[in-house]
Amino acid sequence: MRSPTEQSPRSTTRQGDRRRRAVSAAAALAVGVMTLGVLAPPAASDSAAPAAAAAGPDAVQRALNSLVRDDGMPAALASVKDRNGRTRTYTAGVGDLTTGAKVPRDGQVRIGSNTKAFTAVVVLQLVAEGKIDLDAFVDTYLPGLVRGEGIDGNRITVRHLLQHTSGLPEYGVHLDDDEIRNRYFEPRELLDLALEHPADADSGKTWGYSNTNYVLAGLIVQKITGRPLAEEMDRRIIQRIGLRHTYFPAPGVMTLREPHPRGYHRSPEDGPLRDFTEMDPSAGWAAGQLISTNSDLNRFFTALLAGRLLPAAQLAEMRTTVPVGTSGLRYGLGLTSRTLSCGGVYWGHGGDIAGYETRGGVTDDGRAANIAVTSIPTDEAAVRHVSEAVDRALCG
């Protein structure tokens, strides 16, 4: 669940040079080259009609091929929808480095911090229902829970959480790869781990990405509804708009349900790729636990921007953004905007979790694209190339 600032350039307020040297599972949570030979990537497949050309299919395929060939991604997958609703799916590379199995078309992947957009939607639905106030303090809903050095739940609002302006420290940098892969964490454990450390900034003053914000948002949802976050997410979003391949893994479940490419992780960056497909995703919880597909992510963000999940007032709040460094990225309430080379912006989030990276979003005129790779890029060029592939898919 790497910080979205790391789409370009790769920088955060914590970890600094250590993150440039390696992308540990903890670094991926905090935010967030193998030569594969001359593997011939499969051709694009068209789920609409052979003549449909959604966002330059040849250009998208070339971008995925390059991610595999030049950037060392074991596999790359994409789903692209044009403004007329025609969709194409693409694959490149191999789905399993041991067996050489094909990449499943539109296979399931762990979507990391895209989960934050789902959590934010549930919170904003509760705002629309009059059950949560965006500008109420955290202590209104979780009295006395958020206390630490420079940390006070009477000074942090719900808006601060969703916007990453709370100043709360990140818990993920204090976990190691084996813990993230194998240990089950209760949400309160994640929060307690963060609260052992001082605030990164005064609340409401500075943008700073922290998964701790969304753990707290998830706890507020559970307190207000009296139901598990996963159940509320399923009822309010997944079932409502028909996301057939998206789910919140139950406690203890370390596998993916449907056909999927295997996910690989490299730490340090010059070390070997390790198969990280099976892992306990509870260290992500409300900040990064969901499993989905590229096409389901396109469906989700399209429905969100079309007003099918939130009333106009709450969608407008979600789309009210603050700048994130100098990258051109802006962050709203669990939703980001990024400028396109062909003009305008696209809206989405993006996410990393050990084994997978997903990037993409939708435009106001109905275009949608999402790209997944099966290892988190470990150098600046590869990070940039994934984002450029999204731009190419949306601009055509």
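Which residue in E12 is the bridge partner of tyrosine 331? In this predicted model, the partner is threonine 336.

Tyrosine 331 closes strand E11, which covers residues 330-331, and two bridges join E11 to strand E12, residues 336-339. The two strands run antiparallel and form a hairpin with four residues between them. E12 is also joined to strand E13, residues 345-348, by four bridges, again in an antiparallel arrangement. Across this second pairing, arginine 338 stands opposite tyrosine 346 of E13. The hairpin of E12 and E13 has five residues between its strands.

Glycines with positive phi occur in both hairpins and after helix H4, as listed here.

| Glycine | Location | Phi |
|---|---|---|
| Glycine 130 | follows H4 | near 80° |
| Glycine 334 | turn of E11 and E12 | about 75° |
| Glycine 343 | hairpin of E12 and E13 | near 105° |

Helix H4 itself spans residues 114-128, 15 residues in all. From first C-alpha to last, H4 reaches 22 Å, close to the 21 Å expected at 1.5 Å a residue. The helix is mostly covered, with 14 of its 15 residues buried.

Phenylalanine 185 lies in the loop between helix H6 (177-182) and helix H7 (187-195). Its relative accessibility is 4%, so phenylalanine 185 counts as buried, the cut-off being under 20%. Beyond its neighbours within four places in sequence, phenylalanine 185 is in contact with Leu175, Glu179, Leu190, Ser282 and Ala283. Glycine 284 is 99 residues away from phenylalanine 185 in sequence, yet their C-alpha atoms are 9.0 Å apart.

Technical notes. Residues are numbered from 1 along each chain as its sequence is written. This is a predicted model: local features need pLDDT of at least 70, side-chain atom pairs count only at pLDDT 80 or more; totals for chains, interfaces and linings use all residues. Side-chain values use heavy atoms; hydrogens and water are left out. The expected span of a helix is 1.5 Å times one less than its number of residues. Buried means under 20% relative accessible area, exposed over 50%, partly exposed in between (1.4 Å probe, protein chains only). Two strands pair if DSSP finds at least two bridges between them. Contact means heavy atoms within 4.5 Å.
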